[in-house]
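Reader: I'm new to this one, so could you walk me through a few of the labels people put on it?
Author: Sure, here it is.

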Amino acid sequence: MVSHPPKPRITALASAVPAGQIESVFHDWAAGQIGDGRQRTIFARMADRAGISHRFSVLDGREGRPTAADFYASDHFPTTATRMAVFATEAPRLALDAIEGLGDLGGITHLVVASCTGFMAPGLDQVIARRLGLAPDVERVSIGFMGCYAGITALRTAGHIVRSQRQARVLVVAVELCTLHLQQTDSLEGLLAMRQFADGAAAALVCAEGPGLGLGAGISRVLEDSADLITWTLGDTGFAMHLSGAVPALLANALDDANLAPILAPDGVTSFAVHPGGRSILDAVERGLRLEADSLIVSRSVLERYGNMSSASVMFVLQDMWDQQPPDGVAIAFGPGLALEGVRFGWNAANAG
C-alpha cells in the first residue's frame, strides 16, 4: 500500500498591531527633514497617494516606551544599539499578542519565527518559546533578514515540516518593528519608502488535520539585473532600506513573462494574496499578471489599514481571506534581491486531502 505524505494546512491565523498611531507623527517628522518648501509640498502630495490611512508603531509613549517624536529627535538620533534594545523588549510582546488569538496551543512540536527588523540573543524564537511555556524539546527555526517575503518562507517551511512528520503541529510567527529604522535624509524617494512601513505581527498554526487553508507547491524566483533595487543595509543608526522607484515597472514586466505568469496566475485561480508592499507594487502585480480590477482588493485593504508590515503582511491578507474559504489561490511576496516567493493555497475541509 502506497503511503501518501500528509497535506499541510493552516488551521488558525491571528494578528496584532501596536497601539501607537504613527501617521501624523511621521508626516511632521518627514517634513522637518526637507528644507525646501516646494519639495515638502511634493512629498505631501505623493504621500497622500500611497493608499495608506493608518500605520502603527511600538513607539507609543506608553508604559515607559518612548514616543516616535522623542525617539527620532534630531539632536540624538538613535543608534543601532538603542533600536535593538527596543526590539528585544517589544518584538516578543507583539508576537505574543498575535499568538494569543490562535486559541489552543497544545501539542506544539515546532516553532518557526520570521523577522528582519531586529537581532537578539538568546533569539526571538527562544524568548517566545519560554514565555509560552512550550516544551524544551520543541524544534525551533529562525528565518532572519529575508525581508518582506519571509512570511511566505516561514509558512512553506512549516508545510515541509508537516509533510515529513505527520503528527507535527507547527507554530509560525512573523513579527516586524519597521518603525525602529527611520533614517535621517532629505531624499524624497527615501522618505516615501519609509512612509509605507509599519509594525505588526501575525501567527499561524500549521498541521495535517482539520479544516483550513491547504499549503501546496512553492514558487521561488530571483529576477535578473535587480540586485540593487531593494536593499536593507545595517548601519550605525539602524537598518537603512533602499527601495528604488524602478521596482514597479521591472516587476510588472517580469510578471508578464510567458514563463512566469502561468505559474503565478494559473487558469482557475481566482484568489491572490499579494504582499501589500505599496500601492505601486500592487498596481504592478495587477498589470503584470493581467488580473481583474478587484483581484487584489484584500491586499489593498490591508495596506490601507496597516501599511507595509514586511514579512507579517501577507499573513494579514490570508487572515482577511479566511472566511471566504478560497478554493484555490496563490500567495506572493517580494523582497531584496529582487526576489519573489510564493505558495499555492486552497481551502481543505476537515481531514480532507
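Reader: Why does Gln-183 count as buried or exposed, whichever it is?
Author: Buried means under 20% relative accessible area, exposed over 50% and partly exposed in between, with a 1.4 Å probe and protein chains only. Gln-183 has 14% relative accessibility, so it counts as buried. Bear in mind that this is a predicted model, where local features need pLDDT of at least 70, side-chain atom pairs count only at pLDDT 80 or more, and totals for chains, interfaces and linings use all residues. Residues are numbered from 1 along each chain as its sequence is written, and side-chain values use heavy atoms, with hydrogens and water left out.

Reader: What is Gln-183 in contact with, beyond its neighbours within four places in sequence?
Author: Contact means heavy atoms within 4.5 Å. Gln-183 has several such partners, including Trp-29, Phe-77, Arg-83 and Thr-237. Its side chain also reaches the backbone oxygen of Thr-237 at 2.6 Å.

Reader: How do you know that the span of helix 6 agrees with its 15 residues?
Author: Helices here are DSSP runs (H or I, at least four residues), as strands are (E, at least two), numbered from the N terminus. The expected span is 1.5 Å times one less than the number of residues. For helix 6 (residues 150-164) that should be 21 Å, and the end C-alpha atoms are 21 Å apart, which agrees.

Reader: What makes helix 6 largely enclosed by the rest of the structure?
Author: Twelve of its 15 residues are buried, so that description fits helix 6. Among them are Ala-150, Leu-155, Arg-156 and Val-162.

Technical notes
A polar contact is a pair of N or O atoms within 3.5 Å; within protein, one must be able to donate a hydrogen and the other to accept it, and residues adjacent in sequence count only if both atoms are side-chain atoms.
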